[in-house]
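Trainee: I should be grateful for a close look at a single part of this model, with an account of what lies around that part.

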Amino acid sequence: MRKPVWRAVLLAAFALFIFGAAARADEPLRWAADGTANVPFTFHDPAEESHMVGFEYDIMQEIGRRLGREVQFTQNDWDGLIPGLQRGFYDMVADGIEMTPEHVEALDFSRPYYMTTERIVVRRDQAGLDSFERLGGHTVGTIKDTLAERMLRTRPDVTLRSYDEESNAFSDLRNSRLDAVLLDGPIALYYGEADPDFRIVGPPIGHLAYGIAFRKGANQELRHRVDEALQAMIADGALHRILARWNLWTPEMADWTGDRSVPNIVPTEWEHYLASTAPARGWTARFYRYVSFLPLIGRGALLTLMVSGCAMVLAVGMGLALALTRRYGPSWLAALATLYVEIVRGTPLLIQILFIFYGLPSIGIRLSPFVAGVIGLGMNYAAYEAENYRAGLQSVARGQMEAATALNMTHLQALRYVVVPQAFRVVVPVMTNDFISLLKDSSLVSIITLTELSQTYVRLSSTYFDYFGPGLMVGAAYLLLGLPFVRLAKLAERRLAVSERRGGRH
Amino acid sequence: MVVFFIMSFVGCLRLPETHPSYDDREIAGPVETGPAFCVETVLRAESICKSFDSHKVLRNVSLTVERGELVSIIGPSGCGKSTFLRCLNFLEIPDSGTVTIADDSIRRNEGPWRSSDEAQAHQLRAHVGMVFQSFNLFPHRTVLDNVMLAPRVVKHVAPSVIESEARELLAKVGLEAAALRYPATLSGGQQQRAAIARALAMRPDVMLYDEPTSALDPRVAEEVLEVMRALDREGMTQIVVTHDMRFARAASDRIVFMESGEIIEIADPDEMYLNPKDSRTREFLGASL
């Protein structure tokens, strides 16, 4: 009875994403960064979560203005940034990417837009770790694939811990799991110096330059124009002003640009950040902060629900087709179905989703993140559902098919009206379980740029250094999402069981 | 005997009609007219052979059934009588032989069973209803739904028409009160009567029964047999595989005795019981009685 509504929702969802993809054709400046836990590069304004801010974000906006083109930001997971660039989902990546020889070999870079160093951050009460040499014998955290990590690798006397998210490194530093962290200057400033628990110690270490990354060999003309814009921004002080607002103008920048002026600029962005992330004191402040998370969590929950819902529909339909093929299809087709089930069950879902999103474009199949996520999850769960349904079909007595055949139903009619409905009743409880676990597995689509519930949790908690409250809220959101399915399944079971309630055999 | 002649004659008379009640005709039918010129063969099986792997279950079994007849097939367990019955509507695919029912005919000559053959079997099954030992009602549907399902999805008859016909059929088998109950809540006898109503809903020319009362105790079995006798009186052609010798002798027009995949003897009940021609028949009946 609800079918039409469902269909409309699905259709709307697909239309949204397909047209969303089509709209990308009108030549905006497309760039990407990982806006999660990425202060101060590009991140969600803690005071207004739907706004993106950050010094790189400001630089890209300024470049767009100078090129007279609309700027389009794409959120992508750190690990997916370069694969996405190479697949052409966007033209540029600006996310504190160091211009190391390895990177220069694999990518084309603009001229550097930022020069900085590595810095040591320790707990405020800690002494004696104020130089690279004196880190020996201690546990030190850093971000993986950075200059700092490469430097620490050369120190066998240092116990190295590499993190994906800087916020996790600082969380471990706070909990004394780490003695110090060694990180790029901007991160040390925003996560370390900004926090009353930490401080930056010792002199700057090493030297690194950030550049805007382009796909190797592609977009030469665009790269040229970006370089010109950057050059102009250095010459007329625009870059200096942006960085000063973020309190990020460094001696290295002054050396490199030759710009030794001291413009009278208040570091407004830095102060804004300090103000909005100051720990909420007292329960009321905390409460209001949590209330302000609700819209973001709601949006994450909606996406989780849409991805899971569409994936479920796909999994049920495809699973049933696979099961019927394996049980009733011609032998070669049944063998193919078996092969499919074995392959899908035998490989990790994570790999499947990455493959569908980043791998398939190699053979010309480009899917939007939403569609790729739905297909990845749906096709994976279809394999499991297929096995459930096959067991269900086997549980239906042979005589049922014979009776239907004797009544002159075709094979398909017999399946549709007699066998499948009975098999369905057997598998409903198992299906409920699968759907709840699908709801949870949907968090894996965050790796292909979708900000669903889990990703929302990572973002909120790393912005506010608060893993507790957002954790409870997101957990509650998952439970609430799962609840209707549990209820629905119970209802279905009860209705389907009516015929057998009073005991007896068929 | 006389009743049989009348029956077959009546059967001829009502031929053009599809779904009437025949009671007045029976009374009106001229008694003295012999069956010779109006006997209509409704089912003809010729030289049916069937093997499971290397085991020959049926060896050249042939049988002709006239409209309105009630034919019982008896024989020891494993003699192939159920397999033969199932070959008549192609639930089992015979290896070779010809089955003709009404005006549809399928000839098998070894070879694979193709989808075109299945399409022919589909046509042929439209003439046949079947009742199973284990009833095989659809447990997820009410009794009424069980009866209505096939006419609805196979014949696409309007639901209102189907429902009134289904309720008539249920009344005929004494189950009008159970229409909205689920099969699991019915006794075995009620379930089997519902299964008969379900088969009748497709308006078959021939009803096949595969040991319809074997799963039932004698008192309950009687309810089912009574329905079959009533159908016989109405002129339904029925072929019954059974172990119930009393029913076979009392209700059948002819009895077929099978053993080891062959028909040993076909005869009128009295003749078979009083004067069996073959020693194997005599032995089997002696052991059964």
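Mentor: Let us take helix H12 of chain A, bearing in mind that the model is predicted. This helix runs over residues 282–328 and has 47 residues. From its first C-alpha to its last it reaches 65 Å, which is close to the 69 Å expected at 1.5 Å a residue. Within H12(A) there is a kink of about 30° at Leu294(A), shortly before the proline Pro295(A).

Ser292(A) leads us to another part of the chain. Between Ser292(A) and Glu48(A) there are 8.9 Å in space, C-alpha to C-alpha, although the two are 244 residues apart in sequence. Glu48(A) is found in the loop that joins strand E2 (43–44) and strand E3 (52–53) of chain A. Glu48(A) counts as exposed because it has 10 C-beta neighbours inside 10 Å, and the cut-off for exposed is 12 or fewer.

We may now turn from chain A to its partner. The contact between the chains takes 24 residues from chain A and 22 residues from chain B. On the side of chain B that touches chain A, helix H4 (115–125) and helix H5 (143–155) each supply at least two residues. H5(B) gives the most, with 4 residues. By class, this side of chain B has 15 nonpolar, 6 polar and 1 charged residues.

As for chain B as a whole, its secondary structure comes to 11 helices and 10 strands. Of its 289 residues, 44% count as buried. Among its contacts between residues at least 6 apart in sequence, 66% join residues at least 24 apart.

Note on methods
Residues are numbered from 1 along each chain as its sequence is written. Chains are lettered from A and ligands numbered from 1 in the order in which they are written. This is a predicted model: local features need pLDDT of at least 70, side-chain atom pairs count only at pLDDT 80 or more; totals for chains, interfaces and linings use all residues. The expected span of a helix is 1.5 Å times one less than its number of residues. The bend at a residue is the angle between axes fitted to the seven residues ending there and the seven starting there. Two residues are in contact if their C-beta atoms, placed from the backbone, lie within 7 Å. Ala, Val, Leu, Ile, Met, Phe, Trp, Tyr, Cys and Pro count as nonpolar, Asp, Glu, Lys and Arg as charged, and the others, Gly among them, as polar. A residue is buried if 20 or more other C-beta atoms lie within 10 Å of its own, exposed if 12 or fewer, and partly exposed in between; C-beta atoms are placed from the backbone.
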